[in-house]
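Student: Could you take me through the salt bridges in this model, one pair at a time? I would like to know where the partners sit and how exposed they are.

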Amino acid sequence: MIGAYLLDTNVISGLLNGDRKIIEKLQEVQLLGVEVFISCITYYEVLRGIIVVNASRKMLMFSEFCQEVTIVFIDNIEIIERAAEIHADLKLKGTPIQETDILIAATAIARGLILVSNDSDIA
C-alpha cells in the first residue's frame with residue numbers, strides 16, 4: 001500500500017506554475033486515493049510568495065488546492081526534536097540546509113509521511 005504524501009513547497013509552486021509533470025502526478029495520486037498533506041511551513045512559504053507578487057489567480061488556485069489536502073501543523077514536540085536532530089547532523093557534516101526545509105522534513109518523519117520534493121537538498 002502507498003503511504004500518505006507530504007508535498008514540499010517546490011511541488012506546490014510547480015503546480016501553481018502549471019508544471020505538467022507535477023499536475024499529472026498529483027492527478028494520478030488523487031485517482032489512487034492517496035492522502036496528500038502539506039506542512040503549515042509550506043503553506044506559509046507559498047502564501048508569502050503569492051502575496052509578494054499579488055498573484056490573484058494563483059491565490060485562488062492555492063486556496064482551492066488547500067481545500068483538497070490536509071495542512072499539518074507543528075503541534076507536537078517530536079517535530080521540533082526531529083528538526084533539531086536533522087539540523088545538528090547536517091551542521092556536523094558541513095551540509096546545512098534551510099530551516100524551513102528542515103522543519104518540513106522533520107514533519108514528514110514525525111508523522112510517518114513520504115516527503116515529495118524536487119529540492120536537491122532533500123534526498
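Tutor: Happy to. Let's start with arginine 48, which is partly exposed in this predicted model, its relative accessible area being 40%. Its partner in a salt bridge is glutamate 45, with 3.9 Å from N to O. That distance falls within the 4 Å cut-off, so the pair counts. Glutamate 45 has a relative accessibility of 11%, so this residue is classed as buried, the limit being under 20%. Both residues belong to helix 3 (residues 40–53), and because they are 3 residues apart, about one helical turn separates them.

Helix 5 offers another pair within one helix: glutamate 78 and arginine 82 lie 4 residues apart there, about one turn of the helix. Their closest N and O atoms are 3.8 Å apart, making a salt bridge. Here both partners are partly exposed, glutamate 78 with a relative accessible area of 33% and arginine 82 with 32%.

Now turn to arginine 111 and aspartate 75, whose side chains form a salt bridge at 2.5 Å, N to O. This pair links distant parts of the chain, with the two positions 36 residues apart in numbering. Arginine 111 is in helix 6 (residues 99–111), while aspartate 75 is in the loop between strand 3 (70–72) and helix 5 (77–93). Arginine 111 is partly exposed at 35% relative accessible area, whereas aspartate 75 reaches 54% and is exposed.

These pairs are among the 4 salt bridges counted in the model.

Notes. Residues are numbered from 1 along each chain as its sequence is written. This is a predicted model: local features need pLDDT of at least 70, side-chain atom pairs count only at pLDDT 80 or more; totals for chains, interfaces and linings use all residues. Side-chain values use heavy atoms; hydrogens and water are left out. Buried means under 20% relative accessible area, exposed over 50%, partly exposed in between (1.4 Å probe, protein chains only).
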